[in-house]
Amino acid sequence: MVQQIVFIILALVIALCSVLAVTSKRVIRAATYLLFVLLATSGLFLMLNYHFLFAVQVMVYAGGIMVLFIMAIFLTHQPGKRVATKSSWKVTSSALLAVAGLVLCGVIIVRNLSCAFRVVTEHEISMHTIGQALLGTEKYQFLLPFEAISLLLLACIIGAIMIARKDRGVKEIEKVENEETENSETWEKSL
Amino acid sequence: MNYKQPLELTGLIANLDAFFREHLSPFWASVVEGLLILLVIVALYAVLALILIYVERKITGFFQSRLGPNRVGKYGSIQSIADMIKILIKEIIHIKRADLFLYYVAPFFVIGSSLMAFGAIPFGKGLQAVDFKMGVLYLIAVSSIGVLGVLLAGWSSNNKYSMLGAMRSGAQTISYELSAAFSLMTVVVLAGTMQLSEIVEGQRYVWNIFNGHIPALIAFLIYLTSGHAETNRGPFDLPEAEGELTAGYHTEYSGIQFGFYYLAEYLNMFIVAAIATTVFLGGWMPIQVHGWDTFNQVMWYIPSYVWFFGKTALLIFLSLWVRWSFPRLRIDILLNLEWKVLLPINLFNIVMMVVIVLAGWTLTDLFPKLFGLA
């Protein structure tokens, strides 16, 4: 009963905000609606007793990625500007694509409904189980993918630094760094 | 050994639960109990904020050689209640040409995040609303939402100062969250669990800060620093920096909306101190020595919530002391401190803690007889 009510509220928030995130004319509003969708999804994880996924969803998506999105939107030219609607051909084609995706997901979910029931647990999974599953080498333990993903993320970080410094040559970087240290030194002296 | 605990609230809570279960159907009993817990937490949240505001103003006054509030009530003791009434009846000013939806939503992110963290703190024996298995992770996760409120507030105020304050706050909070999370993880390595009740129980005879000696002490200091920075209080109060940005991200807010930010700021200070108490200083557990039964009994006569609030108050005083002793940092110094100093130390510290735990060099491993583990 309580579960039903909470689920209906969460589902309504997810559905409504998903539509609003796509149809909103302002970028920053769209980001905020997406944030609501992500938070409500974390609520679904909480209902399923997947507390670890709840925490990760809130921390990584709501607290990490959305903050980055919003910061990035701040840095654009006019974050609050109303974006003009794209041509009707683009709208219809993307709507068709969305419907196709919905049908695909629906078929997969309906086919695997019985499997999903078996996976859902009544009890909270202990952190020890999750930790050993992520960093173990036995059956149903995933050390290799975990490490592969962390390597990929490291490559992304290094790549981001390279892209951010793309325009400057090595000498120029050194020059700028020297200037910066000089500036801070003079600043400290003046203090 | 069972010690007498005459002032604990566990008996009262059990009686209340039995009373509701007897007179109501299970569904309505849990609804009523849930609402009661919500009421108690929200009331405690507000009352603690009022006390903290008074204490801060008074202590600040003493630090700056003045009296602090001293007109309303004896020693100015009901000054914050007067302020609360004032802030409640103030007009909420509507700004033109701003994104009103985001403007009104923003404070709720800040207060919601701090209220969610507040609800999971163990205040005493049996005084914890939810006890997740991943308790520490939960606290880190929900406290990371707050910065969104600050960012949205800064942007939707349609004010350059607010925007600058919000950008600073975003950079600062994201950076220092890393350090806070890493230092808590160091203790999780030591405690071997993330559940807050188990962490408290594991510190019955020796606090984590002593049990893990060098790395735990470093983690404690880093947690206090980064927690202080996350709450945007001096010397890390660049987002508000009244000299340059008037009041930063909440310049345009008035009345109760500003009150939300104000409340959340004070309660975040409390939450940081409370988490540090729970994780490093034994939480609500009274000081006990293995084998000294009379001493332990005397310590148990002091109820657990008094221990908890006492330890937390000590850390809050420390935070105020820091606030009024150091000048405000510049933004690049602030970010350098995090990324070039605290984070490398932290990563090294986790490895050191792992080595100490695996090699059996914690105090409980070295002297098991002292703590009744042999």
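A residue counts as exposed if 12 or fewer other C-beta atoms lie within 10 Å of its own. By that rule Y140(A), with 7 C-beta neighbours inside 10 Å, is exposed. This is a predicted model, and it pairs an eight-helix chain A with a chain B of 16 helices. Here's a quick tour: the two chains, how they meet, a few helix pairs, and some residues to click on.

**The chains one by one**

- Chain A has eight helices and zero strands, so from the N terminus on its elements simply read α-α-α-α-α-α-α-α.
- Of the 191 residues in chain A, 13% are buried.
- Take the contacts in chain A between residues at least 6 apart in sequence: 49% of them join residues at least 24 apart.
- Chain B is also free of strands, with 16 helices and zero strands.
- The radius of gyration of chain B is 22 Å, close to the 21 Å from the globule rule for 374 residues, so chain B is as compact as a globular protein of that length.
- If you want a box for chain B, its C-alpha trace spans about 70 × 60 × 45 Å along the principal axes.
- Buried residues account for 44% of the 374 residues of chain B.
- For chain B, 78% of the contacts between residues at least 6 apart in sequence join residues at least 24 apart.

**Where A meets B**

- The interface puts 21 residues of chain A in contact with 22 residues of chain B.
- On the chain A side, the elements giving two or more residues are α2 (27-47) and α3 (51-75).
- The largest share of that side, twelve residues, comes from α3(A).
- By class, the side of chain A that touches chain B has 15 nonpolar, five polar and one charged residues.
- One helix pair spans the two chains: the axes of α3(A) and helix α5 (residues 135-143) of chain B come within 8 Å and cross at roughly 25°.
- Angles under 35 degrees count as roughly parallel, and that makes α3(A) roughly parallel to α5(B).
- The crossing of α3(A) and α5(B) is left-handed.
- Who touches whom? A55(A), V58(A), M59(A) and G63(A) in α3(A) meet L137(B), Y138(B), I140(B), A141(B) and V142(B) in α5(B).
- That contact of α3(A) with α5(B) has eight nonpolar, one polar and no charged residues.

**A helix pair inside chain A**

- α2(A) and α3(A) pack at an angle of about 175°, with their axes 8 Å apart.
- They are therefore roughly antiparallel to each other.
- On α2(A), the contact residues include V27(A), I28(A), L35(A), L39(A), F45(A) and L46(A).
- On α3(A), they include L53(A), F54(A), V58(A), Y61(A), M66(A), F69(A) and I73(A).
- The class count for the contact of α2(A) with α3(A) is 17 nonpolar, four polar and no charged residues.
- V58(A) turns up in the α2(A) contact and also in the α5(B) contact.

**A helix pair inside chain B**

- The axes of helix α4 (residues 100-119) and helix α12 (residues 255-280) of chain B come within 9 Å and cross at roughly 30°.
- α4(B) and α12(B) are therefore roughly parallel to each other.
- α4(B) passes α12(B) in a left-handed crossing.
- From α4(B) the contact takes P107(B), V110(B), I111(B), S114(B), A117(B) and F118(B).
- α12(B) answers with residues including F260(B), Y261(B), L263(B), L267(B) and I271(B).
- By class, the contact of α4(B) with α12(B) has eleven nonpolar, three polar and no charged residues.

**Residues to click on**

- Most residues other than glycine have a negative phi.
- Y140(A) has a positive phi of about 60° although it is not a glycine.
- You'll find Y140(A) in the loop between α6 (127-135) and α7 (143-164) of chain A.
- H213(B), also not a glycine, has a positive phi near 20°.
- H213(B) lies in helix α10 (residues 213-230) of chain B, and with 14 C-beta neighbours inside 10 Å it counts as partly exposed.
- I37(B) sits in helix α2 (residues 26-63) of chain B and is partly exposed, with 14 other C-beta atoms within 10 Å.
- I37(B) and G283(B) are 246 residues apart in sequence and 21 Å apart in space, C-alpha to C-alpha.

Note on methods:
Residues numbered from 1 in each chain as written. Chains lettered and ligands numbered in written order. Predicted model: local features only at pLDDT ≥ 70, side-chain atom pairs only at ≥ 80, totals over all residues. Axes fitted to C-alpha atoms, helices over the stretch in contact; angles between N-to-C directions. Helix = DSSP H or I, 4+ residues; strand = E, 2+ residues; numbered from the N terminus. Parallel < 35°, antiparallel > 145°, perpendicular 65-115°, else oblique. Left-handed = near helix turned anticlockwise from the far one by under 90°. Contact = placed C-beta atoms within 7 Å. Nonpolar A, V, L, I, M, F, W, Y, C, P; charged D, E, K, R; others polar. Rg over C-alpha atoms; globule rule 2.2 N^0.38 Å. Buried ≥ 20, exposed ≤ 12 C-beta atoms within 10 Å, placed from the backbone.
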